[in-house]
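Colleague: I am new to this structure and would like a close look at a single part of it. Please take the sheet and the helices packed around it, and go through them step by step.

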Amino acid sequence: MSDGKTTRMIKQLDGPRPYGVLVSVLVTLLIIVVLGGGDFGALAQKRAKQKPQRTTSLKSHSRDSLSPEARELVELASVAVCTERLSDPKASVPIDDMQARPSLPVQSPEAVVGAKRAQRLLPAAKGMVVISLKRLARDYDFRNPQGYDARLQRAIARVEAVRNIRPDMDSRDNASVFLRNPHTIVFGTIFLAGLPSDEGIISVLAHELVHIADGNEDSLNVLFRAVGNRASKLTGMKIHDQRAEELTCDLVGTLAARSYVAGAPSYEPLPRRLSRSLEHNCVEQDEGDDDHLSPRNTIRALLALNPALSRELVYGR
Ligand SMILES: [Zn+2]
């Protein structure tokens, strides 16, 4: 399977997958192109998605939208994340800032340290992704007699088969996975260096692992749609298709980072550690596209979906 790249500030972790769009016939053709054409096919597809779009703001015009109190909590938590970043020595670098940085050789000390951290945390990230996917399967109620469990099992097997992190200078501030090599996550060196905490790296690894889990059979499509629909209702933003997939990947990223924090206690304050899974979205230039919410709206949507996380960020417990 292939995942995409991110483009610049549009979003972090990667970008649209070449087949992740509408029509299944096209999907199949694209997969053939990617499999046959190597990186070029994949990258070319990803590059096609860069057009910035007007960003959407949180609005409440749905019956299921956030209450005024819940909306205020989301805003407070989102401010808390980006405020925490300013004083945390291990804070993640915002992706628009990463994007402006010069390319970083694979042998540079920051990239080496980051690649080692990512490789060390990969087994833990895989375990937490599996747990998070099972939890979401329950919470979003998408098990059904038509065999969703079988698809979930195959998705989990794909996660468990991932083995390698490959640092890559040309990937810069992106991470990606490719169809023809689903055992490897490619991690741009600027991205590795820009995420100097375990929590930051875990959130990105988890994001990529969810793309891998979805695979070329779109195993998690039902889940993506359910998460996107719920986030759309809560926030009033349009979160469907690829946006729903990307948001679900980010949601699992925050869940995995939360599990990691729970399992690896430290003296650092809880909001500081939790913020690291989100603060690469604390951009100055807040632009989204068809496939991604803008970074700051991504933070809001994730917090709207996870009020417990919002409370922990604001109240520290
Ligand atoms: Zn992604």
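Modeller: What follows goes through the sheet strand by strand, and then the helices that lie on it. The model is a predicted one.

Start with the sheet. Three strands make it up, in the order E1-E3-E2, and the sheet is open with mixed pairing. Strand E1 (164-168) and strand E2 (175-178) are at the edges; each has a single partner strand, so one side of each is left without a neighbour in the sheet. On average, and with direction ignored, neighbouring strands of this sheet are turned by 30 degrees against each other.

The mixed pairing can be followed one pair at a time. E1 pairs with strand E3 (residues 181-188) in the parallel sense, over five bridges. Asp168 is found opposite Gly188 in E3. On the other side of the pairing scheme, E2 and E3 run in the antiparallel sense and are joined over three bridges. Here Ser176 is opposite Val186 in E3. E2 and E3 also form a hairpin, with two residues between them.

E2 is an edge strand, yet both of its faces are covered. Ala175 and Val177 on one side are buried, and so are Ser176 and Phe178 on the other. Ser176 thus appears twice in this account: it is opposite Val186 in the pairing with E3, and it is one of the buried residues of E2.

Next come the helices on the sheet. Helix H5 (residues 109-139) lies across E1 and E3 and runs at about 160 degrees to E1. H8 lies across E1, E2 and E3, at about 145 degrees to E3.

H5 and H8 also pack against each other. Their axes come within 8 Å and cross at roughly 55 degrees. H5 and H8 are therefore oblique to each other. H5 passes H8 in a right-handed crossing. From H5, the residues in contact include Ala118, Leu121, Leu122, Ala125, Met128, Val129 and Leu133, and they meet a set in H8 that includes Ile201, Ile202, Leu205, Leu209 and Ala213. Arg117, Arg120 and Lys126 of H5 and Asp198 of H8 take part as well. By class, the residues of this contact of H5 with H8 divide into 14 nonpolar, one polar and four charged.

H8 has a further helix partner. Helix H8 (residues 198-214) packs with helix H10 (residues 241-263) at an angle of about 135 degrees, the axes being 7 Å apart. That angle makes H8 oblique to H10. H8 passes H10 in a right-handed crossing. Among the H8 residues that meet H10 are Glu199, Ser203, His207, His211 and Asp214, and H10 contributes residues including Gln242, Glu245, Cys249, Val252, Gly253, Ala256 and Tyr260. The contact of H8 with H10 has nine nonpolar, five polar and six charged residues.

Some H8 residues serve both contacts. Asp198, Ile202, Ala206 and Val210 are listed where H8 meets H5, and Asp198, Ile202, Ala206 and Val210 are also listed where H8 meets H10.

To put the part together: H8 lies across E1, E2 and E3, meets H5 in one contact and meets H10 in another.

Notes
Residues numbered from 1 in each chain as written. Predicted model: local features only at pLDDT ≥ 70, side-chain atom pairs only at ≥ 80, totals over all residues. Heavy atoms only, no water. Axes fitted to C-alpha atoms, helices over the stretch in contact; angles between N-to-C directions. Helix = DSSP H or I, 4+ residues; strand = E, 2+ residues; numbered from the N terminus. Parallel < 35°, antiparallel > 145°, perpendicular 65-115°, else oblique. Left-handed = near helix turned anticlockwise from the far one by under 90°. Contact = heavy atoms within 4.5 Å. Nonpolar A, V, L, I, M, F, W, Y, C, P; charged D, E, K, R; others polar. Pairing = 2+ DSSP bridges. Buried < 20%, exposed > 50% of the residue type's maximum accessible area, 1.4 Å probe, protein only.
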